[in-house]
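Reader: I am new to this structure and would like to understand the terms used to describe it. Please explain how each description is reached.

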Amino acid sequence: MAMNESGAPGGTSFGGASEEELLPCGRELAQVWELAEAGEPDPHTAGCAHCAEALRALRALEGVVARARDDEPPVPPWDTAALADRVMDVVRLELRPGRTLPLGDVDEDAWIVEAAAARTFRAAVDTLPGVRAGSCRVEADPQEASAAAPPPGRLPRGPARVRVEVQAGLSWNLQLVADEVRARIVGAADHELGMRIAAVDVVVTDLLDGNEDEPGGDGGGRDGDETDSGVDSTGLGKGDCGGDEDAAEGRQR
Amino acid sequence: MPGDRGREPEDADAPLPHEDALLAVRAAEGDEEAFEALVHRHAPVLLRLATRLLGSPTEAEDAVQESFVSAWRKLPEFRGDARFSTWIHRIVTNRCLNVLRSRQPVTALDSVPEPQAPEHQVSPPRAAEAHAAVADLSRAIEELSPEQRVCWVLRELDDVPYESIAETVGISQEAARGRVFRARRYLTEAMAGWR
């Protein structure tokens with residue numbers, strides 16, 4: 001809070017403090033107010049009529065300021081939802097340059113922008129209880145890039161490599177959560193996008209304790225039952241799920 | 001005393017930092033829904049701040065709206081070195097500072113205008129006093145320089161430490177203290193009729 005204004009007492013000199021800001025007792029007005037604000041005891045002020053008057057003026061101002069704050073409407077007069085709509089209207093009209101990724105087989109001509117693919121993958125990851133996806137980048141897998149040069153701004157046709165960062169609840173076993181995240185992403189790529197995946201790199205960036213892994217009310221589904229992934233199609237099969245009964249609870253199997 | 005002010009509304013429903021960080025990363029990568037969530041989470045506090053800074057809810061809405069659009073454009077450069085809330089507060093504060101600066105003809109930085117004589121040289125009847133004093137305060141705040149006003153509002157109404165004011169406004173801590181002091185001095189003089 002406000003108490004960390006260190007080093008104030010004594011000789012703090014204010015930029016622009018001039019002689020007219022000296023009280024008749026010789027004290028700098030700035031210093032008197034500053035000590036009072038910092039809650040520092042000030043023996044001189046206690047017995048000085050000039051300082052007392054200066055403090056009365058400050059307290060009187062604070063009193064009016066407090067009243068002004070009390071007068072602020074408890075329920076803000078703004079329509080936050082309408083404001084958000086207006087902001088998002090502008091945002092959606094703005095084109096973010098982004099990579100375009102191939103969908104389907106080599107001979108197809110279907111594409112998706114990276115941001116849309118990433119959104120699908122994040123949503124799939126978020127269905128795992130206590131797990132939330134952050135950064136999600138999708139790239140062509142260099143080893144499998146096809147020889148044909150892609151159109152400008154598009155990635156070569158071929159399976160994609162996904163790199164995703166996740167936050168997970170403390171109850172998760174790291175290997176298990178990585179395996180489950182992979183499975184969700186591969187499943188979403190297959191069922192929702194028709195994108196071939198070469199590999200999924202999972203980076204666990206944060207382990208959150210129980211209170212923290214509840215999002216602040218943005219309603220991300222976390223029951224985690226609906227995405228039953230066809231994990232094994234790319235040879236990325238789920239790891240051994242044994243050993244962590246708590247974490248394994250409630251997921252597809 | 002700053003600690004006695006007994007107001008926590010801004011903090012009570014403060015967005016969780018790690019959730020913000022996650023949403024900001026998503027938004028930086030082009031996830032509009034994540035950005036929309038950030039707008040919903042932060043708009044109420046920012047609107048209150050902008051209204052305090054500008055004294056007008058309508059102008060505050062415009063400033064906050066423009067700040068969010070600007071934030072969306074800058075998000076790919078946001079590396080998470082600061083908290084998202086700090087970052088967006090800074091954008092809104094600077095937007096408001098520019099609005100204040102554009103309102104008035106150029107005045108010397110940190111110049112202290114001559115306080116206008118209070119309308120009531122004699123204390124008015126108690127009944128209307130509180131309201132009239134607040135109205136006088138609002139008028140007096142309008143007379144502050146934009147720089148003083150921003151620093152004073154952050155300190156006095158939003159309870160922001162000097163250190164953070166300095167960081168937000170991009171000045172030294174000493175300069176922030178100086179501006180708050182000069183604003184206080186002007187306001188105490190302008191409100192002298194109420195003592």
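**Reasoning from values to terms**

Author: In this predicted model, buried residues account for 46% of the 195 residues in chain B. Chain B has nine helices and zero strands.

Reader: Why are α4(B) and α5(B) called oblique to each other?

Author: The axes of helix α4 (residues 57-74) of chain B and helix α5 (residues 84-103) of chain B cross at roughly 130 degrees and come within 9 Å. Angles over 145 degrees count as roughly antiparallel and those from 65 to 115 as roughly perpendicular. The angle of roughly 130 degrees fits neither range, and α4(B) and α5(B) are therefore oblique. Their crossing is right-handed.

Reader: Which residues of α4(B) and α5(B) meet, and how do they divide into nonpolar, polar and charged?

Author: In α4(B), E59(B), A63(B), V64(B), E66(B), S67(B), S70(B) and A71(B) meet I88(B), I91(B), V92(B), R95(B), C96(B) and V99(B) of α5(B). The residues of this contact divide into eight nonpolar, two polar and three charged.

Reader: What makes C96(B) part of the largest nonpolar core?

Author: Such a core joins buried nonpolar residues, Cys among them, through C-beta atoms within 7 Å. C96(B) is one of the residues with the most contacts inside the largest core, which has 72 residues. Helix α3 (residues 32-54) of chain B gives this core its largest share, 13 residues. Leaving aside residues up to four places away in sequence, C96(B) touches A50(B), L53(B), L54(B), A63(B) and V150(B).

Notes. Residues numbered from 1 in each chain as written. Chains lettered and ligands numbered in written order. Predicted model: local features only at pLDDT ≥ 70, side-chain atom pairs only at ≥ 80, totals over all residues. Axes fitted to C-alpha atoms, helices over the stretch in contact; angles between N-to-C directions. Helix = DSSP H or I, 4+ residues; strand = E, 2+ residues; numbered from the N terminus. Parallel < 35°, antiparallel > 145°, perpendicular 65-115°, else oblique. Left-handed = near helix turned anticlockwise from the far one by under 90°. Contact = placed C-beta atoms within 7 Å. Nonpolar A, V, L, I, M, F, W, Y, C, P; charged D, E, K, R; others polar. Buried ≥ 20, exposed ≤ 12 C-beta atoms within 10 Å, placed from the backbone.
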